[in-house]
Structures are given as C-alpha cells and as structure tokens.
Amino acid sequence: MRKHLTALLLVLLLVCLCAFALADTLQSPTDFTLDPVTGTYSFQAVDENAGYYFIRIYPVVGGTEGDRYVASSKRINAKTGEKKGKLDVSGMGWGQYNVKLITFPASGTDFEAPDAQVLTVLSGVGGVLERPELRVVADGNTAFLLVDWLSCADYYAFQYLPEVTFTVYSDEALTQAVTEVSYDLSVLPSTMDNHPAGGYIWNFQMGGTYACDLDNVELLPNVTLTLDPGTYYATVQAVSNDPENIASSQPSEAVAFTLTEDAPNGEYTFATTSLWANPNIMGVPCAIPGSVQGRVDAAQGQETTSVVK
C-alpha cells in the first residue's frame, strides 16, 4: 500500500512540475503570415508577458539552416493584438528560406521563450540557373577545370551557389562521356573576401603555376582530372537542388583540350568558353555580380516569384 501511495505522490509531483514549467513558457503568437514578394507580414501577439518579437529570414542549403539571417524586421513591441509590418526581402536570392517569428521574454522575467513560428519560403520559383562559363587548363596528363568567377558571383548575388557537374567527352559530338565530376559551389563563401568595389574575391594564388591571362595571378581550379593521352571536350552544368521549382542551367559550350602522357611540368595551355571573362580589377582578381552582359539565363532578365511552401 505504501509503495502505491509513494508512486501516486511521485506522479502528482511530476504533473505539478510539468504544469509549473508550462506556466513559465510564453504563448506563441498566432496567425503568422508573410507575403514573400512584398515582405508584408502579420501575426497576433497573444501573451501580455512577452517582451518583444523579431522576424528573421535564414537560408536553407542542403537541408541545413544557415546561422546568419539575410533579412530581419525591426524590434516589434509585444503588446497584445495584431501586428503588421514590412520586411526588406531584396537580399533574398533564389532557393529555400526559413522565415522565423521569434518571441523574446521581457527583460528581468523568468519566462521561457516558445519555439519560433516558422514559414518555409521558396524564392526564384519558375527560374532557370544561369549557364556557367568554363576554363580548362591542360598540363601534361592533367586538366584543371574552373567555373568562371563571374558566374559564381552571379549565383551568389542573384540566385544561389549550386552544385555543378563537369562532364568530359572523348568526341566532339559529346556522345562518349569519359568521366563526370560534381563540385558544390556553396563552399566558396568560406574562402571569400569582399572587394571595396563591391565584388567578391573567392580564392587565388599570386605567382601561381597557371596564371594564364591574369597578371601573375592563378585562379585556383575547382576540379583536377588525370586522363589518358588524347583530345577531350569538357562542359559544365549548374544543377538545381529543386528542379520542380528552379530549372538546372543549360550545359556550357564544350571546351576542347589535349593531354599527353607526361606529368604536369608547368608548360600548359588553356581554353575557355566564349563568354568566360577575366575577373580583374586594377590587378586584383575580383568578380562583380552582374558586371558582364549577355550571360545566358542571367537572373536579372527572368520573371520569377516567391511562394510560401
């Protein structure tokens, strides 16, 4: 009997503790809406003990939410009732975002914040990724394949940094694929500096082996391939991570290159697609988004929309 009574008292104690914990958690706002095209939002603040709210927009890449928001509201007073306002969503490129309505307790109180209210937004719906431009450096039995920095800058500023697929063919008709290699451009920001002119500096080496037509500067290749001697033809394509809403790019023009049986020795040749551009500003490699006209499927010339998923 005593055992049953003790167990009952423990259960009651746990129920009381849970009720106490719940009582210390603020109520979440309700009826949260956002127009992702205009940035107009509304919600109902329902807890008089809340301190204030923020709405913040975080990119989601590969299913992982970024740790830096790309847009934020001003601080929203927590007085109960309907809240309306407008966010600046011009900094959102294409892709998926989490729009989070975050509740903050009032200063000096013991209340706990509830989980954020989250809306999933898809931006760039109906668009096509810009066609990437390509450079191939051939040195002995090795080829170095690089996506144009200006393509990458356009992706980063206007669309999103996608995965690209390099395909190498043994014939000019592009029917016999020799190898295919993918590279995730979303890693580029880890190497990025911002130029005062407003462009991006991704990754380079002064006095490198493959300086090509830049002044003593080597743009570091993304993909390295070692192949049998022969003439090959390479293309690159930007691959959409959400093909139902955003289409993959067209494959680039084919770039022809010839390899030998020798190991690389610094005696190289290079070739590019016709729209590949030298990202050079006053001797510094720098890619300014949108600075080259005529890119195929440039984001600025497309009509797209944003939707709440």
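Reader: I'm new to this one, so let's start simply: of the 309 residues of the protein, what percentage counts as buried?

Author: Buried means under 20% relative accessible area, exposed means over 50%, and partly exposed is what lies in between, using a 1.4 Å probe and protein chains only. Here 42% of the 309 residues count as buried. Keep in mind that this is a predicted model, where local features need pLDDT of at least 70 and side-chain atom pairs count only at pLDDT 80 or more, while totals for chains, interfaces and linings use all residues. Residues are numbered from 1 along each chain as its sequence is written, and side-chain values use heavy atoms, with hydrogens and water left out.

Reader: How many helices and strands should I look for?

Author: Helices (H or I, at least four residues) and strands (E, at least two) are DSSP runs, numbered from the N terminus. By that count, the protein has two helices and 26 strands.

Reader: And what does the radius of gyration say about how spread out the protein is?

Author: You take the radius over C-alpha atoms and hold it against the globule rule, 2.2 Å times the number of residues to the power 0.38. The protein comes out at 27 Å, well over the 19 Å that the rule gives for 309 residues, so it is more spread out than a compact globule. Along the principal axes, the C-alpha trace spans about 85 × 50 × 35 Å.

Reader: What about contacts: what share join residues at least 24 apart in sequence?

Author: Contact means heavy atoms within 4.5 Å. If you take contacts between residues at least 6 apart in sequence, 68% of them join residues at least 24 apart.

Reader: Now the inside. Which residues have the most contacts within the largest nonpolar core?

Author: First the general idea: in soluble globular proteins, nonpolar side chains tend to be buried together. A nonpolar core is a set of buried Ala, Val, Leu, Ile, Met, Phe, Trp, Tyr and Cys residues joined through side-chain atoms within 4.5 Å. In this model the largest such core has 44 residues, and L134, V136, L145, F166, V168, W202 and F257 have the most contacts inside it. Helix α2 (residues 149-158) gives the most to this core, with five residues. There is also a second, separate core of 21 residues, which includes F43, A45, A50 and L87.

Reader: Which residues does V168 touch?

Author: Leaving out residues up to four places away in sequence, the partners of V168 include L145, V178, L225, L227, Y233 and F257.

Reader: Back to that helix: is α2 largely enclosed or open?

Author: Seven of the 10 residues of α2 are buried, so the rest of the structure largely encloses it. Those seven are W149, L150, S151, C152, A153, D154 and Y155. They pack against several strands, including β12 (142-147), β18 (217-219) and β20 (230-239).

Reader: I've heard about odd phi angles. Which sign does phi of D31 have, positive or negative?

Author: Most residues other than glycine have a negative phi, and most peptide bonds are trans. D31 has a positive value, near 55°. You'll find D31 in strand β1 (residues 30-34), and it counts as exposed at 57% relative accessibility. L174 also has a positive phi, near 60°. That residue sits in the loop between β13 (163-169) and β14 (177-184) and counts as partly exposed, at 30% relative accessibility.

Reader: Let me try a strand residue: is L122 buried or exposed?

Author: L122 is buried, with a relative accessible area of 8%. Its place is in strand β9 (residues 117-125). Beyond residues up to four places away in sequence, L122 touches Q96, D242, T305 and K309, among others.

Reader: Where does Q96 lie?

Author: In strand β8 (residues 95-105). At 29% relative accessibility, Q96 counts as partly exposed. Its contacts, neighbours within four places aside, include Y58, P59, L122 and K309.

Reader: One last spot: which residues is D262 in contact with?

Author: G140 and N141, leaving aside neighbours within four places in sequence. D262 lies in the loop between β22 (255-259) and β23 (269-272). To get a feel for distance, compare D262 with D67: they are 195 residues apart along the chain, and their C-alpha atoms are separated by 46 Å.
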